[in-house]
Amino acid sequence: MRRAIYPGSFDPVTNGHLDIIERGCKLFDEIIIGILVNPDKQPFFTVEERHEMLTAVVKSISQGGCTLRVDSFSGLLVNYAVAQEADVIVRGIRAISDYEYELQMALMNRRLAPSVETVFMMPAETYSYVSSRLVKEVFQLGGTVTGLVPPLIEKRMKEKLNQQ
Ligand code: PNS
């Protein structure tokens, strides 16, 4: 039984995240999608909204025999991984520029919890430039994000912007 944690802010979930989850499903029996509760950041969507949206959109991906669970966590990621009895942390790497930060995190996490391995996965090239940060920026400035996030997320982003 291979259980992995796929952690992140998911503010919002993008097609790049979903691509990694779908690929991860071929490797792991269970993936827990862990939303970081970060009190220092002012998010676009609340944790509850992200939880609900992630739960809805992961239903559309091809899971094979893999179980997907959406959850949230605070504090150290490795403590959460150990508490969930997950032996792998999955992180997506888009470009070399991601690698330096991800390597630092992976090595720090290894130091803190040597039993937990970090696995880097590459999304499809189509999503190699897609990040939640850019999606939010483009959207808030009136650009289109169609094809970069699932239609449900685009709809929810429009609703959110109208509420502001
Ligand atoms: O989607 P993000 O913002 O790139 O995800 C970053 C995340 C959640 C993986 C990272 O910030 C994290 O693990 N935070 C939890 C706190 C922690 O464990 N910090 C030490 C990392 S070495």
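# A tour from the ligand outward

Start at helix α4, which gives the shell around the ligand its largest share, 3 residues. Helices (H or I, at least four residues) and strands (E, at least two) are DSSP runs, numbered from the N terminus. This is a predicted model, in which local features need pLDDT of at least 70, side-chain atom pairs count only at pLDDT 80 or more, and totals for chains, interfaces and linings use all residues. Residues are numbered from 1 along each chain as its sequence is written, and side-chain values use heavy atoms, with hydrogens and water left out.

## Stop 1: the ligand and its shell

Select residues 96-112 for α4, then add 3-8 for β1; each of these two elements supplies at least two residues of the shell. Now show the whole shell: Pro7, Gly8, Ser9, Leu36, Phe73, Gly75, Leu76, Leu77, Arg91, Met105, Met108 and Asn109 surround the ligand. A residue is near a molecule or strand if one of its heavy atoms lies within 4 Å of it.

Colour the shell by class. There are 7 nonpolar, 4 polar and 1 charged residues. Here Ala, Val, Leu, Ile, Met, Phe, Trp, Tyr, Cys and Pro count as nonpolar, Asp, Glu, Lys and Arg as charged, and the others, Gly among them, as polar.

Turn on a surface next. The ligand sits in the largest pocket. A pocket is found on a 1 Å grid over the protein atoms alone: an open set of points with protein on both sides within 12 Å along at least five of seven lines. A molecule sits in one if more than half of its atoms lie within 2 Å of its grid points.

## Stop 2: oxygen atoms of the ligand

Zoom in on Ser9. An N or O atom of the Ser9 side chain is 2.7 Å from an oxygen atom of the ligand. Move to Leu77. Here a backbone N or O atom lies 2.8 Å from a ligand oxygen. Then pick Arg91. An N or O atom in its side chain is 2.9 Å from an oxygen atom of the ligand. How much of the ligand does the protein bury? Taken alone, the ligand exposes 550 Å², and the protein buries 74% of that. Such areas come from the Shrake-Rupley method with a 1.4 Å probe; for residues, only the protein chains shown count as cover.

## Stop 3: Arg3 and Arg69

Go to Arg3, in strand β1. Is Arg3 buried or exposed? Its relative accessible area is 18%, so Arg3 is buried. Buried means under 20% relative accessible area, exposed over 50%, partly exposed in between (1.4 Å probe, protein chains only). Show Glu30 as well. The side chains of Arg3 and Glu30 share a polar contact of 3.0 Å. A polar contact is a pair of N or O atoms within 3.5 Å; within protein, one must be able to donate a hydrogen and the other to accept it, and residues adjacent in sequence count only if both atoms are side-chain atoms.

Next select Arg69 in strand β3, residues 67-73. With a relative accessible area of 33%, Arg69 is partly exposed. Add Ile5. The C-alpha atoms of Arg69 and Ile5 are separated by 9.5 Å, with the residues 64 apart along the chain.

## Stop 4: the loop from β1 to α1

Select Phe10, in the loop between β1 and α1. Phe10 is not a glycine, yet its phi is positive, about 50 degrees. Phe10 counts as buried because its relative accessibility is 2%. Step along to Pro12, in the loop between β1 and α1. The peptide bond from Asp11 to Pro12 is cis, with omega near 5 degrees.

## Stop 5: helix α1 and beyond

Pick Asp19 in helix α1. Asp19 counts as buried, at 13% relative accessibility. Measure across to Tyr127: C-alpha to C-alpha, Asp19 and Tyr127 are 8.4 Å apart in space, and 108 residues apart in sequence.

Arg23 is also in helix α1. At 31% relative accessibility, Arg23 counts as partly exposed. Its C-alpha atom is separated by 8.9 Å from that of Met122, 99 residues apart along the chain.

Move on to Lys26, in the loop between α1 (15-24) and β2 (30-36). Lys26 counts as exposed, at 68% relative accessibility.

Finish at Glu85, in the loop between α3 (77-83) and β4 (88-92). Where does the phi of Glu85 lie? Near 55 degrees, a positive value in a residue other than glycine. Glu85 counts as exposed, at 63% relative accessibility.

Note on methods: On a 1 Å grid over the protein atoms alone, a cavity is a set of points where a 1.4 Å probe fits but cannot get out, and a pocket is an open set with protein on both sides within 12 Å along at least five of seven lines; lining residues have an atom within 4 Å of a point.
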